[in-house]
Amino acid sequence: MAKIGINIATGSLQQNEMIVGIDLGTTNSLVAIIHPDTRQPVVLKEHDGVSLVPSIVHFGGQGQVTVGDEAKKFLVTEPQHTIFSVKRLMGKSYADIREHSGYFSYKVIDDNTESLVKIQVGEVFYSPVELSSLILKELKTRAEHILKTPVTKAVITVPAYFNDAQRQATRDAGKLAGLDVLRIVNEPTAASLAYGLGLSREEVKTIAVYDLGGGTFDISVLRISGGIFEVLSTNGDTYLGGDDIDRTIVQHWAAEAGITEDELRVHKNLSQELRLLAEAAKIALSSSESYSGVVAEQAFSLTRQQLEHLIKPLVDRTITCCINALKDAGLDTRDIDEVVMVGGSTRVPMVKNSVSTFFGKKVHDTLNPDEVVALGAAVQADVLAGNNKDLLLLDITPLSLGIETMGGLMDVLIPRNSKIPSKAGRQYTTQKDGQGSMRISVFQGERDLVKDNRKLAEFNLTGIPGMPAGLPKVEVSFLVNADGILTVKAKELRSGVEQYIEVKPQYGLTDAEVEKMLMESITHAREDIQTRALVEAQTEALQIIDTTRQFIQRNTGFLTATELADTLHAIDELTRLREQGTKDEIQAGVE
Ligand code: AMP
């Protein structure tokens with residue numbers, strides 16, 4: 001099958017271009033690419049093997065900005081100048097975050113309005129977009145340093161539940177960092193791609209992605225079919241993660257050692273050291289049975305069994321979210337084909353086992369759970385770069401796609417510039433009593449009348465059982481899959497009769513032709529609107545004439561001679577107007 005190797009949006013051939021995948025995380029961010037030799041996704045690492053960049057920005061006294069581990073050092077000493085978790089503020093107003101304002105140790109401006117939040121550092125105000133762009137700029141610089149080539153194009157991941165404002169904010173942050181953001185991808189989709197799920201077009205699967213990171217928990221249920229990922233439901237807790245495990249351990253140790261909460265609050269250093277030891281214990285217990293360490297000349301120890309007892313309530317909360325996500329998707333655990341584990345906290349054996357037991361199957365956990373989202377973003381980036389010839393995702397539909405409706409009008413199902421893969425459907429009905437078939441003509445273009453657009457395909461839906469006009473429900477659905485192939489399906493819902501056809505919409509159209517069609521639609525816009533209105537009036541008139549004629553045939557006996565004469569006269573008059581009248585005249589006739 002011929003595939004299209006051009007980006008319709010830019011008209012450029014996209015080949016062998018280095019596009020990076022970026023996981024812009026709440027706690028850590030990282031960059032991945034498809035290795036040009038092995039063709040496998042890999043995260044970019046510095047010489048020292050470090051790949052994770054803490055998503056933290058520090059503003060120094062002289063206006064110097066540092067990002068990552070360097071900035072992290074200032075978290076305790078200069079909390080007002082050290083910004084973490086900025087992702088939580090993307091696209092948010094103060095009203096959105098008010099109940100969690102205590103979480104941020106820096107100054108989030110409270111102007112008590114619905115406008116987007118700002119962060120005050122010294123005398124300067126920053127938007128979350130600006131702060132995220134500083135992180136992205138750092139990632140870009142590091143990637144360029146490692147790859148020794150300019151990096152200007154990226155795919156960035158966001159949580160599946162991000163709304164349009166949050167997605168747009170992420171896109172803007174990329175732009176501000178000097179990146180052309182080719183696509184915003186859902187994190188669970190990326191994680192699935194990293195495991196190779198959804199890479200084959202024949203695959204139809206339902207996937208649960210369980211993501212337990214440092215500070216957030218997300219569960220997403222996805223369905224892939226025909227190379228399209230659809231989010232069926234999401235659930236989670238934006239304030240639940242590995243940090244809570246650490247806190248639980250600290251509380252346990254403090255209680256054992258007789259340290260009060262007040263003491264912990266006052267002695268910042270002690271509590272910070274205990275927190276670090278707790279995290280070290282947690283990480284060690286993922287592979288050993290017991291751990292001990294020393295803080296302030298005091299020994300603290302923990303066994304895996306104790307840890308599991310401590311964190312059971314936290315893990316149970318995540319399972320409750322899974323139950324809710326399944327309920328929202330209208331599914332049962334049996335319907336889930338694959339379970340993908342994401343986030344550093346899924347390394348805790350008890351977490352893994354609980355999830356596996358809940359879903360009743362083995363989970364995907366062979367990839368590094370901190371890297372899996374970035375790896376998947378790289379897979380997506382590679383597809384966009386045109387390197388993966390088996391799966392070429394086009395950005396957008398260059399022209400609208402639709403079908404012909406009554407009077408030769410174009411009814412658009414997928415508007416131009418829709419992101420693809422894309423899906424749309426609409427219901428139609430018959431015009432005549434007992435109509436047994438319906439012709440579906442598929443067109444591409446921007447004009448109101450199909451005769452001015454380009455016909456792509458035509459087929460007949462036959463075998464519609466005899467019903468009065470208007471009763472059959474014919475659902476026409478359009479599906480443009482990952483490589484720009486359009487499938488049109490028509491199904492009569494009452495009888496289940498169905499038919500489909502595959503169309504290659506872009507095939508054979510050059511960029512110049514696309515442009516010409518667009519120009520024509522602009523030039524003829526006014527004329528098209530008038531024509532559409534006229535055709536709609538003519539169609540309505542025809543329907544009234546037909547219905548009235550049928551009525552008279554069936555009910556002549558009940559009508560007086562005058563009624564009959566008046567009605568027949570009205571029919572004749574409307575028939576004449578329909579052929580010769582203006583839109584307004586026809587409408588008056590219909591009245
Ligand atoms: P993420 O936000 O996905 O980077 O996850 C970070 C969280 O994973 C932090 O709370 C870490 O303490 C936790 N984490 C990292 N490695 C492990 C491990 N081996 N066992 C348990 N938790 C871990």
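**View 1. Four domains make up the chain.** In this predicted model, domain 1 covers residues 19–191 and domain 2 covers 200–366. Further along come domain 3 (401–510) and domain 4 (526–590). Measure from centre to centre over C-alpha atoms, and domain 2 and domain 4 sit 69 Å apart.

**View 2. Here is the shell of residues around the ligand.** The shell counts 15 residues, and the ones that come nearest are Glu279, Lys282, Ser286, Gly344 and Arg347. Sorted by class, 9 of the shell residues are polar, 4 are charged and 2 are nonpolar. Helix H9, spanning residues 268–285, gives the most to this shell, with 3 residues.

**View 3. Now for some polar contacts between protein and ligand.** A side-chain N or O atom of Glu279 is 2.6 Å from an oxygen atom of the ligand. Gly214 joins in through its backbone, with a polar atom 3.0 Å from a ligand oxygen. Asp370 uses a polar side-chain atom, 3.2 Å from an oxygen of the ligand. On its own the ligand has 500 Å² of accessible area, and the protein covers 85% of that.

**View 4. Phe84 and Tyr106 meet edge-to-face.** The structure has 10 aromatic pairs. In the pair of Phe84 and Tyr106, the ring centres are 5.4 Å apart and the planes are at 80°. Phe84 sits in the loop between strand S7 and helix H3, and Tyr106 in the loop between H3 and strand S8, so their pairing ties together parts 22 residues apart in sequence. Phe84 counts as buried at 17% relative accessibility, and Tyr106 is buried too, at 4%. Ring pairs also link these two with Tyr103, Phe104 and Tyr239 in a cluster.

How values were computed. Residues numbered from 1 in each chain as written. Predicted model: local features only at pLDDT ≥ 70, side-chain atom pairs only at ≥ 80, totals over all residues. Heavy atoms only, no water. Domains from an automatic or database assignment. Near = heavy atom within 4 Å. Polar contact = N/O pair within 3.5 Å; in protein donor to acceptor, adjacent residues only side chain to side chain. Areas by Shrake-Rupley, 256 points an atom, 1.4 Å probe, with all protein chains shown as cover. Helix = DSSP H or I, 4+ residues; strand = E, 2+ residues; numbered from the N terminus. Nonpolar A, V, L, I, M, F, W, Y, C, P; charged D, E, K, R; others polar. Phe/Tyr/Trp six-rings, centres within 6.5 Å; stacked < 30°, edge-to-face > 60°. Buried < 20%, exposed > 50% of the residue type's maximum accessible area, 1.4 Å probe, protein only.
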